[in-house]
Amino acid sequence: MSNKNKIIKSVSFNVTNEDDKKMLKHLLKRNFSGYVKKLIMREIELKGEKEGAVPESSETTVLKEEKKLTAAERLEQLKKERIAAPERITLKVDGKNQEF
């Protein structure tokens with residue numbers, strides 16, 4: 001049974017890339033879909049503020065400062081704000097278990 005109300009977008013991670021490994025570790029115990037949607041909504045709200053649609057507040061001021069960060073820096077910042085993932089994670093890649 002297909003659900004015509006859903007659109008699925010995928011994200012790829014390169015397990016040999018150090019930044020991607022950090023992101024995978026960070027995402028291990030999180031609801032990935034909800035997490036990505038929350039980041040997207042923050043971006044939309046920030047763009048609305050720039051166009052004058054969102055009133056200025058202390059919260060939007062913080063978002064403006066965050067916009068200056070790269071995606072990798074922002075993910076690292078969010079990682080520090082949340083409970084840290086385990087020291088090492090094991091993922092199955094190409095049928096083999098790999099530790100990160």
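Which side chain of opposite charge is nearest to aspartate 20, and how far away is it? I began my notebook with this point. The answer is lysine 21, at 10 Å. Aspartate 20 is buried and has no salt bridge. I note at the outset that the model is a predicted one.

**Entry 1: the chain as a whole.** I looked up the secondary structure and found 4 helices and 2 strands. Read from the N terminus, the order of the elements is α-α-α-α-β-β. The chain has 100 residues, and 20% of them are buried. I then turned to the contacts whose partners are separated by 6 or more positions; residues 24 or more positions apart supply 42% of these.

**Entry 2: the surroundings of aspartate 20.** I located aspartate 20 in helix 1, which covers residues 18-27. With neighbours within four places in sequence set aside, I recorded contacts of aspartate 20 with Phe13 and Asn14.

**Entry 3: salt bridges.** I asked how many salt bridges the structure holds. The count is 2. As general background, side chains of opposite charge can pair when their charged atoms come close.

I examined the pair formed by glutamate 18 and lysine 21, where the N to O distance is 3.3 Å. Both residues belong to helix 1 and stand 3 residues apart, about one turn of the helix. Lysine 21 is thus the residue named in my opening question, and its salt bridge is with glutamate 18. I looked up the accessibility of lysine 21 as well: its relative accessible area is 24%, so I list lysine 21 as partly exposed.

I next examined lysine 47 and glutamate 43, which form a salt bridge with their closest N and O atoms 4.0 Å apart. This pair lies in helix 2, residues 32-50, with a spacing of 4 residues, about one turn of the helix. Is each partner buried or exposed? Lysine 47 has 48% relative accessibility and therefore counts as partly exposed. Glutamate 43 has 31% relative accessibility and is also partly exposed.

**Entry 4: methionine 23.** I returned to helix 1 for methionine 23. Its relative accessibility is 22%, so methionine 23 is classed as partly exposed. I checked which residues methionine 23 touches beyond those up to four places away in sequence, and found Phe13 and Leu75. I also noted a pairing across the sequence: methionine 23 and glutamate 76 are separated by 53 residues, while their C-alpha atoms are 8.2 Å apart in space.

**Entry 5: phenylalanine 32.** I placed phenylalanine 32 in helix 2. With 32% relative accessibility, phenylalanine 32 is partly exposed. Neighbours within four places in sequence aside, the contacts of phenylalanine 32 are Val11, Phe13 and Leu27. Phe13 recurs in my notes: it is listed for aspartate 20, for methionine 23 and for phenylalanine 32.

**Entry 6: the second largest pocket.** I asked what volume the second largest pocket has. It is about 280 Å³. Phe32 is one of the lining residues, as is Val11, and these two are in contact with each other. From the earlier part of the chain, I listed Lys6, Ile7, Ile8, Lys9 and Ser10 in the lining. I also listed Ser33, Val36, Lys37 and Ile40. By class, I recorded 6 nonpolar, 2 polar and 3 charged residues in this lining. The charged members include Lys6, Lys9 and Lys37.

Key:
Residues numbered from 1 in each chain as written. Predicted model: local features only at pLDDT ≥ 70, side-chain atom pairs only at ≥ 80, totals over all residues. Heavy atoms only, no water. Buried < 20%, exposed > 50% of the residue type's maximum accessible area, 1.4 Å probe, protein only. Lys, Arg positive; Asp, Glu negative; His and termini not counted. Contact = heavy atoms within 4.5 Å. 1 Å grid on protein atoms, 1.4 Å probe; cavity = no way out; pocket = protein on both sides within 12 Å on 5 of 7 lines; lining within 4 Å. Points joined across faces, edges and corners; volume = space filled by probe spheres on them.
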